Amino acid sequence: MNSDWAALLDLLLMPLSADEGWAVRRAFVHALETLLDDIGSAPFSPEQLRWARADALMEALTAPAETDGIPAWWLVMQVDWKAANEVQWQAQLMCKIHGLPDIFVWNPSPGDGVPEALAAWLEPQGFRYCPWLRDEDAYAGFVVPHALAEAFELAAQRARLDG
C-alpha cells in the first residue's frame, strides 16, 4: 500500500479497534485489487490509480451490516445530491463511531447544505467535518477530531484525496 494512503488510513481508522482497523485495511486492498483488475493490466496511469484508490477507500470505510441492517462502522459520508434521506443516518453513524451522541438531525433549509449543517453541529463538540467533493453529483466527507484536522488535511493532500 502506498505510504501516503497508509498514513491517511491510520488517521481515519483511529476510532476503530485494532481488529476492525485491519479489517478495513484488508477491505481497502481487496477493493483496490478488484477495481484495478476491472481497469485492465498495468501499467496504470496516475489518475487511474488515484481514482481506484479513492473508490476503494469509500468502499472500505463502510462495514457490512452486523444485524438488523446496522453497519458495524461508518467512517465516511457519501451522498448523491438527490439523496437527502441518506444524510441523517450516515451522520449519526459517523458520530457514534467517534463517541458523539447520535442526535444530529438535519432540517434542510434554503442555502443550508449538509456539510455546513454537519460542520456547525460538530464544531462545539471538538470535531470538524472535512468534505471531499468528488464530482458535481455526489459528495463525501469525514468526521475528524480538531486535534487531528491539520494532520488529516496534510495526509489527504499527499494521497491526492482532494477531489
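This passage describes the fold, cores, ring contacts and cavity of a predicted model.

The protein has 163 residues, and 40% of them count as buried. Its secondary structure comes to six helices and five strands. Read from the N terminus, the elements follow the order α-α-α-β-β-β-α-α-β-β-α. Contacts across the sequence were also examined. Among contacts with a separation of 6 or more, 50% join residues 24 or more positions apart.

The largest nonpolar core was examined next. This core has 33 residues. L8, L57, L61, F142, F152 and L161 have the most contacts inside it. Several elements give two or more residues to this core. The helices among them are α1 (3-12), α2 (18-39), α3 (46-60) and α6 (146-158). The strands are β4 (127-132) and β5 (138-145). Helix α3 gives the most, with six residues.

L57 shows how such contacts are spread along the chain. Residues up to four places away in sequence are not counted here. With that limit, L57 touches W5, L8, L9 and L12. L57 also touches F28, F142 and L161. A second core, of 20 residues, is separate from the largest one. V87, C95, F104 and V114 are included in this second core.

Aromatic rings were then considered. The structure holds two aromatic pairs. One of them is formed by W5 and F28. Their ring centres lie 5.8 Å apart. Their planes meet at 20 degrees, which is under the 30 degrees cut-off, so the pair is stacked. W5 belongs to helix α1 and F28 to helix α2. The two residues are 23 residues apart, and the pair links distant parts of the chain. Are these two residues buried or exposed? Buried means under 20% relative accessible area. W5 has a relative accessible area of 3%, so W5 is buried. F28 is at 2% relative accessibility, so F28 counts as buried too. Both W5 and F28 are also touched by L57.

Another ring has a charged partner. R25 lies over the face of W22. The distance from R25 to the ring centre is 5.3 Å.

The interior was also searched for cavities. The count comes to one cavity of 30 Å³ or more. The largest cavity has a volume of about 50 Å³. Which residues line the largest cavity? The lining consists of L11, L12, H98, V143, V144, P145, L148 and F152. Helix α1, strand β5 and helix α6 each supply at least two residues of this lining. The largest share, three residues, comes from β5. Two lining residues appeared earlier in the account of the core. L12 is touched by L57. F152 is among the residues with the most contacts inside the largest core.

Two loops complete the description. L16 lies in the loop between α1 and α2. The relative accessible area of L16 is 11%, so L16 is buried. L16 and I97 are 81 residues apart along the chain. Their C-alpha atoms are separated by 7.5 Å. The other loop lies between α2 and α3, and P43 is found there. The peptide bond from A42 to P43 is cis. Its omega is near 5 degrees.

Note on methods. Residues numbered from 1 in each chain as written. Predicted model: local features only at pLDDT ≥ 70, side-chain atom pairs only at ≥ 80, totals over all residues. Heavy atoms only, no water. Core = buried A, V, L, I, M, F, W, Y, C linked by side-chain atoms within 4.5 Å. Buried < 20%, exposed > 50% of the residue type's maximum accessible area, 1.4 Å probe, protein only. Helix = DSSP H or I, 4+ residues; strand = E, 2+ residues; numbered from the N terminus. Contact = heavy atoms within 4.5 Å. Phe/Tyr/Trp six-rings, centres within 6.5 Å; stacked < 30°, edge-to-face > 60°. Lys NZ or Arg CZ within 6 Å of the ring centre and 35° of its normal. 1 Å grid on protein atoms, 1.4 Å probe; cavity = no way out; pocket = protein on both sides within 12 Å on 5 of 7 lines; lining within 4 Å. Points joined across faces, edges and corners; volume = space filled by probe spheres on them.
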